[in-house]
Amino acid sequence: MSTSELQEGLQPITELDRVVHEPARLAILALLYVVESADFLFVMRQTGLTRGNLSSHLSKLEEAGYIEIEKEFLEKKPHTMLHLSDKGRDAFLAYRESMQQILGDLLP
Amino acid sequence: MDLERLERRARQVVESDGLVRLLAGIWLVAHGLFNYDHRHVWAPILAIQVLLWSTESIRQRFTYPRIGYVRFRPSKTWIRVTAALVLIGAYAFAGVLDYSRFDWFAPAYLGVFLAIVVGIWAYRSGSWIDFVFAGLCLVSGLVGLRYTAQGADDGYVTAVQFWALGTLPIAVGLGQLLIFLRRYPEPTEGAANVNI
């Protein structure tokens, strides 16, 4: 196998979206993919992340445009809701497809 | 990654408050009142109105502040339309059955219908309690059939059936609600509103 062929074989792995590939962010995206929207507390409880950790990952996902953060009022109290953007939805599905392809190729 | 299972688990988290079971049980008991005496037609209608209105407001007060707020995508339109048509059809058939010479078959019809509805719910929730409840609905149909076959009034038998079946989800739902409230104490003010 030539070097270029090897590079071609490894390309799908090196091209994985690193924003999605991080386990905590992948968990957040998977959770937000299956619900319409959720608040900080729900995501924190379901992913098992700490407050600071979740906050930092959400900032990265928001920077990448994968999630949208909406401030709203529930019973006159300010409330922060999170939901996946169209870009985030596409990125999550593309990542899922890439991983299925990579793992499918790796398995005998 | 099984996304369908992930969504089911997310729903289970919200439903662990036991409210759906508790309120379904209350509705069954109210419906029993109508079967016992058709003049109480207001009971199931009022119960369904109150329950539909109260589920979300009770959740806003007790459930979401504890586990966090979550919204699920509404069911697909065709599913809701089919469910409504099935329900209307089921009531229409029950009405016809009530005035026919096969009215003695009503308990079995009720048992099978409830078993199918609860069975679908059990498949969706994945909870063994709901599967047991679906089985009990079937059993209640057979037991009721035995009484109507002996000449007992079908309205009275189905009323008892509704009341007996209503007590189980009420008990389970109440138990679940108490466990839920203990497991998830109300967090401090603003916990759900962290600045990101």
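Okay, before anything else, one definition: two strands pair if DSSP finds at least two bridges between them. Keep that in mind, and remember that what's on the screen is a predicted model.

So, where does that definition come in? Strand β1 of chain A and strand β1 of chain B, residues 70–71, are joined by two bridges, and the strands run antiparallel. With two bridges found, they count as a pair, because the rule asks for at least two. If you want one spot to click on, go to Ala38(A): its bridge partner in β1(B) is Val70(B).

Now let's step back to the interface around that. On the chain A side, 33 residues are in contact with 29 residues of chain B. Between them the two chains bury about 2700 Å², with 58% of that on carbon and sulfur atoms. Which three residues supply more of chain A's buried area than any other three? That's Val34(A), Glu36(A) and Phe42(A), which give 22% of what chain A buries against chain B.

What about charges? Side chains of opposite charge can pair when their charged atoms come close. Between chain A and chain B the count is one salt bridge. Glu72(A) and Arg71(B) make it through their side chains, at 2.9 Å from N to O. Add to that six residue pairs in polar contact across the interface, both partners at pLDDT 80 or more.

And which bits of chain A do the touching? Quite a list: α3 (23–34), β1 (37–39), α4 (40–47), α5 (51–63), β2 (67–74), β3 (77–84) and α6 (86–106) each put in at least two residues. The largest share comes from β3(A), with six residues. By type, the side of chain A that touches chain B splits into 17 nonpolar, six polar and 10 charged residues.

Over all chains, the search turns up six salt bridges. One I'd like you to look at sits inside chain B, where Arg124(B) pairs with Glu15(B), closest N and O atoms 3.6 Å apart. That one links distant parts of the chain: Arg124(B) is in helix α5 (residues 106–125) and Glu15(B) in helix α1 (residues 3–15), 109 residues apart.

Last thing, confidence. The model scores ipTM 0.81 and pTM 0.79. Chain B has a mean pLDDT of 86, and 95% of its residues reach 70 or more. Among the elements of chain B, helix α7 (residues 154–183) has the highest mean, 93, and helix α4 (residues 77–98) the lowest, 83. And the usual reminder: where pLDDT is low, don't read the predicted coordinates in detail.

Terms used: Residues are numbered from 1 along each chain as its sequence is written. Chains are lettered from A and ligands numbered from 1 in the order in which they are written. Side-chain values use heavy atoms; hydrogens and water are left out. Contact means heavy atoms within 4.5 Å. Buried area is the accessible area (1.4 Å probe) that two parts lose on being put together, summed over both. A salt bridge is a side-chain nitrogen of Lys or Arg within 4 Å of a carboxyl oxygen of Asp or Glu. A polar contact is a pair of N or O atoms within 3.5 Å; within protein, one must be able to donate a hydrogen and the other to accept it, and residues adjacent in sequence count only if both atoms are side-chain atoms. Helices (H or I, at least four residues) and strands (E, at least two) are DSSP runs, numbered from the N terminus. Ala, Val, Leu, Ile, Met, Phe, Trp, Tyr, Cys and Pro count as nonpolar, Asp, Glu, Lys and Arg as charged, and the others, Gly among them, as polar. pLDDT is the predictor's confidence in each residue, from 0 to 100.
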